[in-house]
Amino acid sequence: MSYDEINGLLTALTVFTLAILVGIAVISKVPATLHTPLMSGANSIHGIVLVGAMLIAASATEPISQVLSFVAVAFATMNVVGGYVVTDRMLQMFRKKPVAPKPATDDAEAAS
Amino acid sequence: MTTLELVEILVRIAWLIGAVGFVIGLSRMNSPATARNGNLVSAGGMTVAIAATAILIAVRQANSTDTFGAAPWLIIVVGVVLGGGLGLYTARTVKMTAMPQLVSLFNAVGGGAAALIAIDDYIRLVNLGSAVRIDENIFIVLDIIIGSITFTGSIVASGKLQGLIPGKPIQVPGGQLVTLALAAVTVIGALFLFVTGTPNLLVMVLILAAALIFGVTMTLPIGGADMPVVISLLNSFTGTAVAMAGFVIDNPVLIIAGALVGASGAILTKLMADAMNRSVMNIMIGGFGGGDDAAGAAAGPGGSVRSIGADDVAIQLAYAQHVIVVPGYGLAVAQAQHAVRELAELLEERGVDVKYAIHPVAGRMPGHMNVLLAEANVPYPQLKEMDDINPEFARADVALVIGANDVTNPAARRPGSPVSGMPILDVDQAKSIVVIKRSMGKGYAGIDNELYTNEKTGMLFADAKDGLAALTAAVKAL
C-alpha cells in the first residue's frame, strides 16, 4: 500500500471510529417505552445504504451487475421508506399524553 | 474548478448534512416528547443525502464521454418505485401487533443491500483479475459475511414472530457443530482470500453460502421471547455491514451512518437484554428451554385449575377497590386494546382504581404494549412499569391477566426452570387473580404456568376480546 492509500484509509477509519463513539454517546438512559421506536428509527438510518446502491447502479454495465444493483436499490429503498413510515406511526401514538378520560361513555354505549 | 468538481464538493457537503441529521434525530428519539420530531429530522437528513446522490449521478453522466443509455436510471427508478412502494404499503397497512416482524424484515433487506454492494464490487475485481489490496479485501469479505448473516437471520426472526416458523427454540440437527463448522468455513475462506490476495469467485461464493446458512442456524435455536433482543442485535449488525459497504465503495456517509447505527444498536441491545435480566451472550447461546427438558418437570405439582364465569368475575371487579390489569400478547393478538379500555372506564365510573402493569417485554418487544394501549387511548399515567407496580399487587383486590403468560409465572423466582431469572410481575401477590385465556396452552417458554393452578386464580376461558366484551356487559348489568 502506498502512502496515499494508507492516508486515505486512516481518514476513513478516523471517521468510522468517531461515529462509533457518537453512536454510543447518543443512546443514554432510554425509557423501555421507547426501545422499540428507537430500534426502528435506527433501522431506518441504515437505509442510507441506498446511496451506495444507487452509485453502483449508475456504473453497472455488465448484466450481472445490473441485476445485483437493481435488487440492492429495491431492498434499500424498502428499508428507508418502510422504516421511517412505521417509526412515525409508532411515535404518533405517544403524542397525546396525559389526557382527561375521553368521552368514552359514548363509545361504551354505542358498543352495547 | 469544473462543474463536476463543484457538484462533487456540494454533494459531499449534502452527505455531511444528512449524517448530522441522523445524529440529531437519534438523540432526540431518547425522550418521548421529542421522539417524533427526531424521526422527522432523521428522515430529512436521509432525503437530502439521497437527492444529492441522484444529482451527482446525473452530473457525472452528463460529463462523461461514455454513453450510459437509460439503463442506470431505469434500474434506479424502477428499483426505488418497487422497493419504496412495497415499504410504504406494508408500513402503512401493518397491524401494530405485527409491527416487530416488519421492522425485522426491513432490517433484513437493509443487510441484504449492503451485502449486494460488496458482492458487486468483488465481481468487478474478479473481472479485472489483478491483486486486491488487503484493506479492500477485508472490508468486502466482512461486508458479505455480516450482511448475509443479518439478511437470513432477520428473515428467520421475522418468520418466528409471524408464526410462519415455530416460535419455540428449534434444535438444528448437529446443533452447535453445524454452526461451528459454518463459522470455520467463513473464517478459513476469508483468511485464504486475504493471504493469496487474488480475487477468487469460488471461495467468495463459499463464504457467502456459509454466512447465509449461519444466519439461519444462529437464529433458529433462539426462543421467540428473546426475539426482540435478537432483532436489535441484527439491527446493529446491519449498521456495521453498511459501514463496511462504505469502506468498499469509499463513501463517507455510509461509514458514518453505519457506524452510528452499529454502535447505538449495540447499546440498545444491551439495554433490552438488561430489561429482561438476561445477558446478550446467554440469549445467543442458550435460548429459552434450550437446555434439557428435565428441568421443567421439576416445576412442582400439576394441581387443578378452577374455571370461572364472566358474571362472577364482573362482581369481583365491580366491587373491588384496586384492580390491576396485566395485558400480554394474547390481548394484542385479539385486538382487544379497545375492549380493555372500555371495561376499565366502566369500572372507573364505579369508583374502582384501575392500573395497567406493563412488563418490559409485554407484547413482542420492549415498549410494544405501551404503543398498543396508547393506540386505544388508554391514559398514559395509568400505565405502570414493572418496578413501580410490583409492590402494589399485594394491595390489589383483583389482578386481571389478559393473554399474558410467561411474564407472570412464579416459577421464574426459582432456579431450574427455563424462565428462571426472568423478572416477572408479582401477580400471585394479589388477593384474587382472574386469567382470561383461550385455553391452557403454553407460553413461549413452553412450560406450564404455576399461576394458573394457584388457589386464588380463576380461569375465564375465552378469546381476550370476547371475554372482555362479556365482562363489560356483565358489569353494566349489575
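Biologist: Is the crossing of α5(B) and α8(B) left-handed or right-handed?

Modeller: This is a predicted model, in which local features need pLDDT of at least 70 and side-chain atom pairs count only at pLDDT 80 or more, whereas totals for chains, interfaces and linings use all residues. Residues are numbered from 1 along each chain as its sequence is written, and chains are lettered from A and ligands numbered from 1 in the order in which they are written. A crossing is left-handed if the near helix is turned anticlockwise from the far one by less than a right angle, and right-handed if clockwise. For α5(B) and α8(B), helices being DSSP runs of H or I of at least four residues numbered from the N terminus, the crossing is left-handed.

Biologist: How are α5(B) and α8(B) oriented relative to each other?

Modeller: The axes of α5 (residues 134-162) and α8 (residues 227-248) of chain B come within 8 Å and cross at roughly 155 degrees, with axes fitted to C-alpha atoms over the stretch in contact and angles running from 0 to 180 degrees between N-to-C directions. Because angles over 145 degrees count as such, α5(B) and α8(B) are roughly antiparallel.

Biologist: Which residue is the bridge partner of B:Val434 in β6(B)?

Modeller: Strands are DSSP runs of E of at least two residues, and two strands pair if DSSP finds at least two bridges between them. Strand β5 (residues 432-437) of chain B pairs with β6(B) in the parallel sense over 5 bridges. In β6(B), the partner of B:Val434 is B:Gly458.

Terms used. Angles under 35 degrees count as roughly parallel, over 145 as roughly antiparallel, 65 to 115 as roughly perpendicular and the rest as oblique.
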